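Colleague: Could you walk me through how some of the labels on this model were reached? I'd like to see the reasoning behind them.

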Amino acid sequence: MAASCSPWPSRAWAVARRSPSFPSLPLPSPSHQVVSWPSPSSSPSHGCRWPVAALPLGIRGGLRPLPAGASRAGAAVRTRTAAVAAAADGGSKPETAAGISRTLQLGAMILVWYMLNICFNIYNKLVLKAVPFPYTITTFQFASGSFYITLMWLLNLHPRPRLSLKQYAKILPLALIHMLGNVFTNVSLGKVAISFTHTIKAMEPFFSVLLSVLFLGETPSILVLGSLVPIVGGVVLASMTEVSFNWIGFWSAMASNLTNQSRNVFSKKLLADKEDSLDDINLFSIMTVMAFLLSAPLMLSVEGIKFSPSYLQSAGVNIKELCVKAALAGTCFHFYQQVSYSLLARVSPVTHSVTNSLKRVVVIVSTVLFFRTPISPINALGTGVALAGVFLYSQLRKAKPKAKAA
């Protein structure tokens, strides 16, 4: 027969109710935990079950505070739980804001790059029509860039680089390639229409992919390679009505493709070298100054001094108007090249080339409007195909890292 519960807990409860601190004690509820309260008159194996929360602290057998260590451990767990919840709610916001900011910055750079390139092509073509001396004009453009670079360093708008002879030796081949690329471009622009030059130069993505595979170890997928086909094909369609074939202009444009993409790939490799610690602005600046020093002897050996006032007057050229156009062309040339180099430091060479191909569509359409050339349906179709190819390429490039991660 089970032992009966001892009434002494009821007496303790009655005493507790007369205590002054009793009103602050919690009332028992069905949800409170119950424990065995041993009866003094029963054996240790028997007992009565009483609500724990109903017993005031300080009464014999009541609950005691948790140890300090256990309390601190619980607080730490709660703190970590709150931190994880906060990170889940707002941790992605800074990353999202940074991604949006980077996208807007790249978009602004591409827009400025396009606008400066349009102005350069228009003014440069006008100058080449007046004085067909591509080597001389190239030297003048590099001289304009060297002037702005020197001004930038003197005004402390950008920190001046301090390089060793070994670093200058690394940059010298890039400067030579940079100079030759611009010479070939000006030769092509002087011989054929702007649309035809940019049609040939739209082949740059293929050179970029080839050189990236050979020197950077990048292996694009078949889909990425296939996405380049509508880009180049669209540019070709957009400029079909502008084609005026000339072998010198054709091979000069092809040579500029090879030299410019070689410069981009090797520059990307040099910028990634931690030992050189060169930023994109200083690398482009040093290359421009070196290119000017290399182009001056080439100009003198090939064309001599043709840009003289006496020659211009004898050719019936308006000297003041020509100087203004040449200065604008040189200014746009330097800053569009600098923006292009800054963009190259932030994207891959293939992405840079694809963006450059789209730029050619914009340049072709702008020059057609400027020189009032009729636009055929083929031009509009080519532009649409090129834009579709760029969109396809961008989607494939975004999907590639996700596939690797999975």
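Colleague: Why is Leu-157 called exposed?

Modeller: Happy to explain, and please keep in mind that this is a predicted model. Leu-157 has a relative accessible area of 64%. Exposed means over 50%, so Leu-157 with its 64% earns the word. Leu-157 sits in the loop between helix 4 (134–154) and helix 5 (165–191).

Colleague: What makes Leu-157 part of a nonpolar patch?

Modeller: Leu-157 forms that surface patch together with Phe-147, Leu-151, Leu-154 and Leu-155. A patch takes residues with over 30% relative accessible area, and Leu-157 has 64%. Leu also belongs to the nonpolar side chains that are joined within 5 Å. Together the five named residues have about 560 Å² of accessible area.

Colleague: Now for the opposite label. Why does Thr-139 count as buried?

Modeller: The relative accessibility of Thr-139 is 5%. Buried means under 20%, so Thr-139 falls under that cut-off. Thr-139 is found in helix 4.

Colleague: Which residues does Thr-139 touch, leaving out those up to four places away in sequence?

Modeller: Those are Phe-292, Ser-295, Ala-296 and Met-299. For the record's view, UniProt places the feature "transmembrane region" (unreviewed entry) at 135–155 and 281–300, among other spans. In the model, residues 135–155 are 95% helix, with end C-alpha atoms 31 Å apart. Residues 281–300 are 100% helix, and their end C-alpha atoms lie 29 Å apart.

Colleague: What makes the link between Thr-139 and Tyr-135 a polar contact?

Modeller: The side chain of Thr-139 reaches the backbone oxygen of Tyr-135 at 3.0 Å. The cut-off for a pair of N or O atoms is 3.5 Å, so the 3.0 Å between Thr-139 and Tyr-135 is within it.

Colleague: How do you know that helix 6 is largely enclosed by the rest of the structure?

Modeller: By counting: eight of the eight residues of helix 6 (residues 194–201) are buried, so that description follows. Among them are Ile-194, Phe-196, His-198 and Lys-201.

Colleague: And how many of the residues in the protein chain count as buried?

Modeller: Of the 406 residues, 42% do. The chain has 14 helices and two strands. Its accessible surface comes to about 22,000 Å², and 68% of that belongs to carbon and sulfur atoms. Among contacts between residues at least 6 apart in sequence, 83% join residues at least 24 apart.

Key
Residues numbered from 1 in each chain as written. Predicted model: local features only at pLDDT ≥ 70, side-chain atom pairs only at ≥ 80, totals over all residues. Heavy atoms only, no water. Patch = residues over 30% accessible without salt bridge, like charges linked within 9 Å, V, L, I, M, F, W, Y side chains within 5 Å. Areas by Shrake-Rupley, 256 points an atom, 1.4 Å probe, with all protein chains shown as cover. Salt bridge = Lys/Arg side-chain N within 4 Å of Asp/Glu carboxyl O. Helix = DSSP H or I, 4+ residues; strand = E, 2+ residues; numbered from the N terminus. Buried < 20%, exposed > 50% of the residue type's maximum accessible area, 1.4 Å probe, protein only. Contact = heavy atoms within 4.5 Å. Polar contact = N/O pair within 3.5 Å; in protein donor to acceptor, adjacent residues only side chain to side chain. UniProt positions renumbered as here; feature names shortened; annotations may be inferred.
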